[in-house]
Amino acid sequence: MLDAVTLDQLRTFIAAAETGSFSAAGRQLGRAQSVVSQTLANLEGQLGVQLFDRSTRKPTLTVVGRELLSDAKLVACDMDRFKARAKGIAGGLEPELDVVAHVFLPTSVLTAAVGAFHRQFPRTPLRISVEGMGAVIEPVLEGHSSFGIRAPLFTEHPELTSEHLMTVPYLMVAAPEHPLAQFGGPIPGRELMQHVQLVLSDRSRLTSKTNMGVLSPKTWRLSDMGAKHAFLKAGLGWGGMPAHAVKAEIASGELIALEFEETRTNSFISLAAIYRTDTPPGPAGRWLLDELKRVAGSQ
């Protein structure tokens, strides 16, 4: 009998409980009072419990009715979400959104945009990975990610469309006790080559052998920017970091911005959104990309 319980019966139960009478429930549902009464009687018969006490002028929920009301609401709500999700997918809305962001993208920009996305698309699951260099491009090229946020790689990928997102200041830094921080003037290239440079490594096949911004033959390669950050503060080497990631340490003196004599390295990194031209982001992806651009432009 329980398998015969319908969503319509549960909605009628909810309406009667919330409006306080069968007649009011009928008006809300566009049905006659007798139909509401019969629907609820059938529901009670199928459940084997009494939901309403009909001994008073207006039917009131029984103890069991009050307990089952919250469950009925959950079932109805789940069905509403199910139908809304199915409608969105049928209309082109992605069932899930996968995005890969470059490690240099400020967390504040990503957090603000994702927060707005959640409010706009609360039922769309979001998967975000943070990578560097070619590891941003690979999942987009392979169709695993709707879009990515990358830094310049100086590699050609004609199958990708690019949209500028923002420009991030980039600094070469070292701990105050590091010899380069104590050099006392613009540092020549020959001096840089004497010290370990901490380099963010690439986990992709596309650019695994690419050396970008490497100025010293002595390198330690790290696949995690957090570890690189910690090594820099510990004085284990020198290297480049996005300015927003080391702003607090530079202000406190824990890190020193380096000035180079021969190479202008304290500059800017341009970040761009990329996606396959033949499979651009769907409605949810396009919305998030535009929101990232809006937030980035406001900072």
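Which residue's side chain does a polar contact of 2.8 Å join to the side chain of Asp-98? Let's work it out together, along with two more exercises. The model is a predicted one, in which local features need pLDDT of at least 70 and side-chain atom pairs count only at pLDDT 80 or more, while totals for chains, interfaces and linings use all residues. Residues are numbered from 1 along each chain as its sequence is written, and side-chain values use heavy atoms, with hydrogens and water left out.

**Exercise 1. Place Asp-98 and find its partner.**

Step 1: Look in strand S3, residues 97-102, where Asp-98 is found. Strands (E, at least two residues) and helices (H or I, at least four) are DSSP runs numbered from the N terminus.

Step 2: Check accessibility. Asp-98 counts as buried because its relative accessibility is 17%, and buried means under 20% relative accessible area, exposed over 50%, and partly exposed in between (1.4 Å probe, protein chains only).

Step 3: List the neighbours. Leaving out residues up to four places away in sequence, Asp-98 touches Arg-127, His-144, Ser-145, Ser-146 and Phe-147; contact means heavy atoms within 4.5 Å.

Step 4: Pick the partner. The side chain of Ser-145 makes the 2.8 Å polar contact with that of Asp-98. Such a contact is a pair of N or O atoms within 3.5 Å; within protein, one must be able to donate a hydrogen and the other to accept it, and residues adjacent in sequence count only if both atoms are side-chain atoms.

**Exercise 2. Is His-195 buried or exposed, and what does it touch?**

Step 1: Go to the loop between helix H7 (189-192) and strand S7 (197-200), which holds His-195.

Step 2: His-195 has a relative accessible area of 15%, so this residue is buried.

Step 3: Not counting residues up to four places away in sequence, His-195 touches His-178, Pro-179, Leu-180, Ser-216, Lys-218 and Trp-238.

**Exercise 3. Explore the largest nonpolar core.**

Step 1: Start from the term: a nonpolar core is a set of buried Ala, Val, Leu, Ile, Met, Phe, Trp, Tyr and Cys residues joined through side-chain atoms within 4.5 Å.

Step 2: Find the members with the most contacts. Among the 46 residues of the largest core, Leu-105, Leu-271 and Leu-292 touch the most other members. Strand S6 (residues 160-174) contributes the most to this core, with seven residues.

Step 3: Follow Leu-292. Beyond four places in sequence, Leu-292 touches Val-109, Leu-110, Ala-113, Phe-147, Ile-149 and Leu-165.

Step 4: Look elsewhere. Another core, of 16 residues, lies apart from the largest one, and its members include Ile-14 and Leu-61.
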